[in-house]
Structures are given as structure tokens and as C-alpha cells.
Amino acid sequence: MTQTILVTGGTGFIGSHATVALQQAGYRVIIIDNLGNSSLAVLDAIAHITGIRPEFAQGDIRDPETLQLLFRAHKITAVLHFAGLKAVGESTQMPLAYYDNNVHGTVQLLTAMQQAGVRSIVFSSSATVYGDPQKLPLTEDHPRSATNPYGHTKLVVEDMLENLYRSEPDWRIARLRYFNPVGAHPSGLIGEAPQGIPNNLMPYVAQVATGQRPKVQVFGNDYNTPDGTGVRDYIHVMDLAQGHVQALRYCLEKEPELLTVNLGTGTGYSVLDMIRAFEQASGKTIPYDLVARRPGDIAACWADTEMAYQKLGWRAEKGIQEMCDDAWRWEMTRTS
Ligand code: NAD
Ligand code: WQD
């Protein structure tokens, strides 16, 4: 029988790609999203790619009635929980909004799941929980810390899920720590659509390539890295989406467990590597200035990927050129 998965934040960047992967793996998807950082057009695009329009409830996970109605109306097997706010800088300006959406929102979601007897959840955590790495690659047992409210909300939710699992060991919980998700679906129909000035490197680079912004500011070239610029583990969003399908399968098929897994490629690339790969993808020259470090940034970060492979049989397959090619195709579609 087809299993129904509730995807919170499913019209957002990662949730929309995960929805495509879930539908293609044979799951039925219901999305709940308040459209705070996404749009309804995503639903048509998903329908175009998969041939199936996911069911959609416009609503907020902080609203218990909306959640209760959803759980009553559908026989939901598991939840993939993407909904939340994600801008590090903004989180220092409006911390309460971050605790409200990310922590309180998750409390409401878990409470509704508990009431409905739904005990399987895959949660979007982040490599930000590792703080400044003490050693690389980052293994899941690396000490955790947070330097900003956004990161702290991820720590709190990770802890909350652990507390829940200890008190009710029949829960099946995956805490997936994403590294730096980039790229887009190869169709060019869905991708990342930041509002205003992008905070993250790759959407910013894409907007410089299209001429929407004049230059990239490269934050720091005096790090202890091969070319002095920051090194990150960029992961194609479709690889990430597939990681979710495999984490979901694991949760549903194995004994109840609290699973914590990195989703990264295991390889780090510098800011200049990424700019060069995007130049290749777009055929454009991407002007940049070397400027001061961004406060709070770390020098380098990449994942140890063994746990993901051992537990989920999952490895990322796409390299940075494919990430940039697909991001460029999406940028062309959305700006045309
Ligand atoms: P996104 O902003 O594109 O998607 C989040 C979606 O959640 C949006 O569509 C938004 O409208 C919705 N949403 C937010 N608050 C909501 C609420 N209270 N009720 C209902 N819907 C709500 O972000 P994304 O990049 O797809 O990130 C998804 C998740 O992954 C987030 O939890 C984020 O913290 C986490 N994450 C993202 C990254 C990244 O770099 N993109 C890295 C690590 C972890
Ligand atoms: C990547 C590299 C910058 C912009 C953030 C969050 C993290 C996670 C992913 C959610 C760094 C450099 C950037 C620019 C630049 N999100 N850069 N010029 O900081 O690794 O991670 O997103 O969980 O929590 O902190 O990603 O894309 O912002 O930066 O030189 O205009 O690009 O210094 O080295 P980051 P990013």
C-alpha cells in the first residue's frame, strides 16, 4: 500500500527536491507550508517533473488545529520536517522568530504526531551544530556548539528529539546534518529562490553571473586553506533529497532508533573553486573582490560520510560541476 508522508516546508528549496525524490520512489506526499519563503508555483513545477501534484495545505506548523486536521484527514506514516527559518545573520537580529518557528514549531509538530500516533520523523539538522571544527573530516560524534541563534535552535531540536526518543523508545528518528546544499533539479524547474540579497555563496554567485549583482565579495583570503578562501562541503540538492528517501526507508524498515547522520560529499572546495566552476557552467566571467572575513565564519568544514554509507547505503554522486550546471539552468529558467 502506498505510504503517505507529510513534508513540512515542502515548497521550500530542499523540501521541494525531497518531494520529487519521494514521489519518484513511490510515496504519496502531503505538503504543509506557510509560504513564508516559497511560492505555490513550486507545486506546478513538481507536477511537471513527476506527473503528480502533491497535496498541499497552506498553513503554519505552529498552529495545532491545522496539524490536527491534517493528521485526522490522512493516514500519515512519517514526517519529513524541513519547515523553519534558516538565515544565520537574520537569526541574530530576530532570535525570537527563530526560536518560535524552529523550536516552538517543532514542539507543536511532535505533539500533533504524538497525539496522532505517528512516530517516524526525519529532521533537517545542519553541520552548523559542529561549530568551529576541532578536526576534519567531521564525524557525527564531534562535540556540538552554536555561535548564533539559528545554530542554537538546531541544537535544541536535536536534543528535544533525543529526549523524546529516550522517553518513548518506539519513535523512529533521523537527525540529518546537511553540509552546504546547492544546485537544483536538472530540469531547471525547481531550485533555490532566495528573497532579497542572498546570504549564501552559490545563489549570490548565480546572480552575479546573470548581471543582477556586480561582483562577488569573497569573505577572507587569509584562512589556513589551500588558496586562503573558506572551504566547504557543497552537496547537490538532489543527492541530499535521495539521502532523505534512504533515511526514511531506514526509519520505516529497521527497529526504532535515534539516528544521526551527516549528509555531505566528504570533499571540501574553496570559494574560488566554486566561482571557477560556476564560470565554466555559465560561460560568464564572474568578477569578485577579496574582502575581510565574515564574522562568525569558520575556515573549513567537510563531512565524514561513512555513517551515511554504513547505515543508509547512501553516498553523494554529483560533483561541483554538475551542481553549478544545474544551478545555472535553474537561474536561467527563473529569470527568463
Ligand atoms: P527554505 O526556506 O527554502 O524552506 C523552508 C520552508 O519552510 C519554506 O518554504 C517556508 O515557507 C516554510 N516554513 C518556514 N516556517 C514555517 C512554519 N512555521 N510553518 C510552515 N512552513 C514554514 O529552506 P531550505 O533551504 O529548504 O531548508 C530546509 C530546512 O533545512 C530548514 O530547516 C533549514 O534550517 C535546514 N537546513 C538548510 C540548509 C541550507 O543551507 N539550505 C543547511 C542545513 C540545514
Ligand atoms: C560558504 C563560503 C563564506 C557568501 C551557511 C550556514 C550553515 C548552513 C549552510 C543552514 C564561506 C563564503 C559566502 C559571499 C563569500 N545553513 N562566502 N561570499 O556559511 O558555510 O553555511 O549555510 O544550516 O548553517 O552558516 O555557507 O554559502 O554562506 O558560505 O565569500 O557572498 O562562501 O565565507 O566560506 P556557510 P555560505
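Which element gives the largest share of the shell around ligand 1? In this predicted model, that share comes from β5, which contributes 3 residues. Two or more residues of the shell are also given by each of α1 (13-24) and α6 (149-167), alongside β5 itself, which spans 120-126.

Around ligand 1 there are 27 residues, and those that come nearest are Asp33, Asn37, Ser38, Asn101 and Tyr150. If the shell is sorted by class, it has 13 polar, 9 nonpolar and 5 charged residues.

Some of the contacts can be followed atom by atom. An N or O atom in the side chain of Asp33 is 2.6 Å from an oxygen atom of ligand 1, while the backbone takes part elsewhere, since a polar backbone atom of Ile14 is 2.8 Å from a ligand oxygen and a backbone N or O atom of Gly36 lies 3.1 Å from an oxygen atom of the ligand. On its own, ligand 1 has 820 Å² of accessible area, and the protein covers 95% of this.

Two details of the backbone also deserve a look. Most residues other than glycine have a negative phi, and most peptide bonds are trans. Leu35, however, in the loop between β2 (28-33) and α2 (41-50), has a positive phi, near 60 degrees. Leu35 counts as buried because its relative accessibility is 18%, and buried means under 20%. The second detail is the peptide bond from Leu136 to Pro137, which is cis, with omega near -5 degrees; Pro137 belongs to the loop between β5 and α6.

Conventions:
Residues are numbered from 1 along each chain as its sequence is written. Chains are lettered from A and ligands numbered from 1 in the order in which they are written. This is a predicted model: local features need pLDDT of at least 70, side-chain atom pairs count only at pLDDT 80 or more; totals for chains, interfaces and linings use all residues. Side-chain values use heavy atoms; hydrogens and water are left out. A residue is near a molecule or strand if one of its heavy atoms lies within 4 Å of it. A polar contact is a pair of N or O atoms within 3.5 Å; within protein, one must be able to donate a hydrogen and the other to accept it, and residues adjacent in sequence count only if both atoms are side-chain atoms. Accessible areas come from the Shrake-Rupley method with a 1.4 Å probe; for residues, only the protein chains shown count as cover. Helices (H or I, at least four residues) and strands (E, at least two) are DSSP runs, numbered from the N terminus. Ala, Val, Leu, Ile, Met, Phe, Trp, Tyr, Cys and Pro count as nonpolar, Asp, Glu, Lys and Arg as charged, and the others, Gly among them, as polar. Buried means under 20% relative accessible area, exposed over 50%, partly exposed in between (1.4 Å probe, protein chains only).
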